Amino acid sequence: MHGRLKVKTSEEQAEAKRLEREQKLKLYLQATQAVFQKRQAGELDESVLELTSQILGANPDFATLWNCRREVIQQLETQKSPEELAALVKAELRFLESCLRVNPKSYGTWHHRCWLLSRLPEPNWAQELELCARFLEVDERNFHCWDYRRFVAAQAAVPPAEELAFTDSLITQNFSNYSSWHYRSCLLPQLHPQPDSGPHGRLPEDVLLKELELVQNAFFTDPNDQSAWFYHRWLLGRADPQDALRCVHVSRDEACLTVSFSRPLLVGSGMETLLLMIDGSPLAVEWRTPDGRNRPNHIWLCNLPTASLNDQLPQHTFRVIWTAGDAQKECVLLKGRQEGWYRDSATDEQLFRCELSVEKSTVLQSELESCKELQELEPENKWCLLTIILLMRALDPLLYEKETLQYFQTLKAVDPMRAAYLDDLRSKFLLENSVLKMEYADVRVLHLAHKDLTVLCHLEQLLLVTHLDLSHNRLQVLPPALAALRCLEVLQANDNAIESLDGVTNLPRLRELLLCNNRLQQPTALQPLASCSKLGLLHLQGNPLCQAAGISEQLAELLPLVSSILT
């Protein structure tokens, strides 16, 4: 055995590692305690930089210590000469780069570098761009570095065309680069601004064609990588709609005026401002939301004074002015009429699809055919299936409705983990189609029965609906947004899985409510109905609460105006 090294046993190795960790932890805690003691004593000198360097060099994610370094640097800026400060900054930049090599995705390190360079009179931005390029060579998907590069490019006023060329080079090397695709979505609207489209507007069609060709090459090369598919989805999107008043409705019975908007807004002091003019004269009113929560909402309403609804005059003209949105709309209430309204058409406004030129329609039709070809080669590719659905929605949602539902069925089979999301998306599309069909028929009745719906969307579009049939679906709640249906008189929701009626609060015209075969457990679940002053018929058979003793008496006490309760 002479001359041979003794091999440590596993127990000895474990004990040695334990002792080593304990020693490192002891030094770590000692250094941290020393930093905090000096900070508390106001001793913000270079020794604090040395102590924090020992800790941050091994663990760059200690945010408090980066704050300490910033306090020290600010203190030293008042004490050192320009030459000494320049040397300090140069050393700090080297230290930051060493920390990034330890952890290239350290939030604190990148943030500290931004802070440091923002304080310099003449930062070397070219050097920082080169630093970004080096780190992106190691990991082209490091979004921390991409965020820093966008900061540097903005500070250095790098032309967007140059940054776009940089993304070209990285995407060409590797299509699986979500950050690079995302950067393109930020740069292209800057390079090709469109009038009235906002900062996130869509692209001119010639640019769009080139981008579609690039992204198609990407997902044909690697169909399972999601980066290109997400960018393709952005390309298919549309600009945010312009601010608009969608509908104005006035009711003589309720002495109420209701307005629906293109986006949720908050009306009130210091918020959005709405002006109401009646027969050319301004009227001071208090605006509120249908559910009474006064949170950002598509629907706002106000009470009208009796004098503004004088039935002796031939008509009254109501004009609502949305000052922030620079939009207005008016409606007329004629003598002898109980209501009047004016609304924009969802079909005319292209609310649920892209507004396509002939050229773009041709391009998207070609995209659809290409994706169908890819789907034949990759029948279980979920990104391809979803993109086919979105393309059909963009082209013509009604024409492709049946085919869209078939693709949803296939997509759920290949991606069962996202079945709930797909069910909700399918429900959203079906409701959009139903709104379009209702407008084409020019009716105020909406039939949504037997559609396997799981959610209700776009309820702000249903302000004028009087009869709504939601029977035989998979709804679990009647959501608060249902309060937008100010004209609703009959609501059928039999054979669902409804447990909550929050959305039925304050439906001023609701007369009949059918809730057979749902999951209402306790009479208290019906409490929202107490605010429905005209409710006269309520069907509840098949709900668990009907099995409770004395249910009729409890319901009669809760809803004294209901003339017939079937249990």
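Tutor: Two strands pair if DSSP finds at least two bridges between them. Helices (H or I, at least four residues) and strands (E, at least two) are DSSP runs, numbered from the N terminus. The model is predicted, so local features need pLDDT of at least 70 and side-chain atom pairs count only at pLDDT 80 or more, whereas totals for chains, interfaces and linings use all residues. Residues are numbered from 1 along each chain as its sequence is written, and side-chain values use heavy atoms, with hydrogens and water left out.

Student: How many bridges join S3 to S4?

Tutor: Strand S3 covers residues 274-278, and strand S4 covers residues 281-283. The two run antiparallel and form a hairpin with 2 residues between them. The number of bridges joining S3 to S4 is 3.

Student: Which residue in the turn of that hairpin has a positive phi?

Tutor: Most residues other than glycine have a negative phi. In the turn between S3 and S4, a phi of about 55° belongs to Asp 279.

Student: What is the bridge partner of Leu 276 in S6?

Tutor: Strand S6 spans residues 315-322 and runs antiparallel to S3, with 5 bridges joining them. Leu 276 has a bridge partner in S4 too, namely Leu 283. In S6, the bridge partner of Leu 276 is Val 320.

Student: Which side chains of S3 point to the face where they are buried?

Tutor: In a regular strand the side chains alternate between the two faces of the sheet. Buried here means under 20% relative accessible area, exposed over 50%, and partly exposed in between (1.4 Å probe, protein chains only). Leu 275 and Met 277 point to one face of S3 and are not buried. The buried side chains, on the other face, are those of Leu 274, Leu 276 and Ile 278.

Student: Which strands stand at the edges of the sheet that holds S3?

Tutor: The sheet is open, has 4 strands and pairs antiparallel, in the order S4-S3-S6-S7. Each edge strand has a single partner strand, so one side of it is left without a neighbour in the sheet; the edge strands are S4 and S7 (327-334).

Student: What is the strand order in the other sheet, the one that holds S5?

Tutor: Strands of a sheet pair through backbone hydrogen bonds, either parallel or antiparallel. This sheet is also open, and its 4 strands are paired antiparallel, in the order S5-S2-S1-S8.

Student: Why is one side of S5 left without a neighbour in that sheet?

Tutor: S5 (297-303) stands at an edge, as does S8 (339-343). One side of S5 has no neighbour in the sheet because S5 has a single partner strand.

Student: Which residue in S5 stands opposite Ser 260?

Tutor: Strand S2 (residues 256-265) runs antiparallel to S5, and 6 bridges join the two. Opposite Ser 260, in S5, stands Ile 299.

Student: What separates the C-alpha atoms of Arg 288 and Trp 300?

Tutor: Arg 288 lies in the loop between S4 and S5. At 30% relative accessibility, Arg 288 counts as partly exposed. Arg 288 and Trp 300 are 12 residues apart along the chain, and their C-alpha atoms are separated by 5.5 Å.

Student: How many residues of H5 are buried?

Tutor: Helix H5 takes in residues 107-118. The buried residues include Trp 110, His 112, Arg 113 and Trp 115. Gly 108, Thr 109, Cys 114, Leu 116 and Leu 117 are buried as well. H5 is therefore largely enclosed by the rest of the structure, the buried count among its 12 residues being 9.

Student: What is the phi of Asp 452?

Tutor: Asp 452 is found in the loop between strand S9 (445-447) and strand S10 (467-469). At 33% relative accessibility, Asp 452 counts as partly exposed. Although Asp 452 is not a glycine, its phi is positive, at about 60°.

Student: At what relative accessibility does Asp 495 count as partly exposed?

Tutor: Asp 495 is not a glycine, yet it has a positive phi of about 55°. Asp 495 lies in the loop between strand S11 (490-492) and strand S12 (512-514). Asp 495 counts as partly exposed because its relative accessibility is 27%.

Methods. The expected span of a helix is 1.5 Å times one less than its number of residues.
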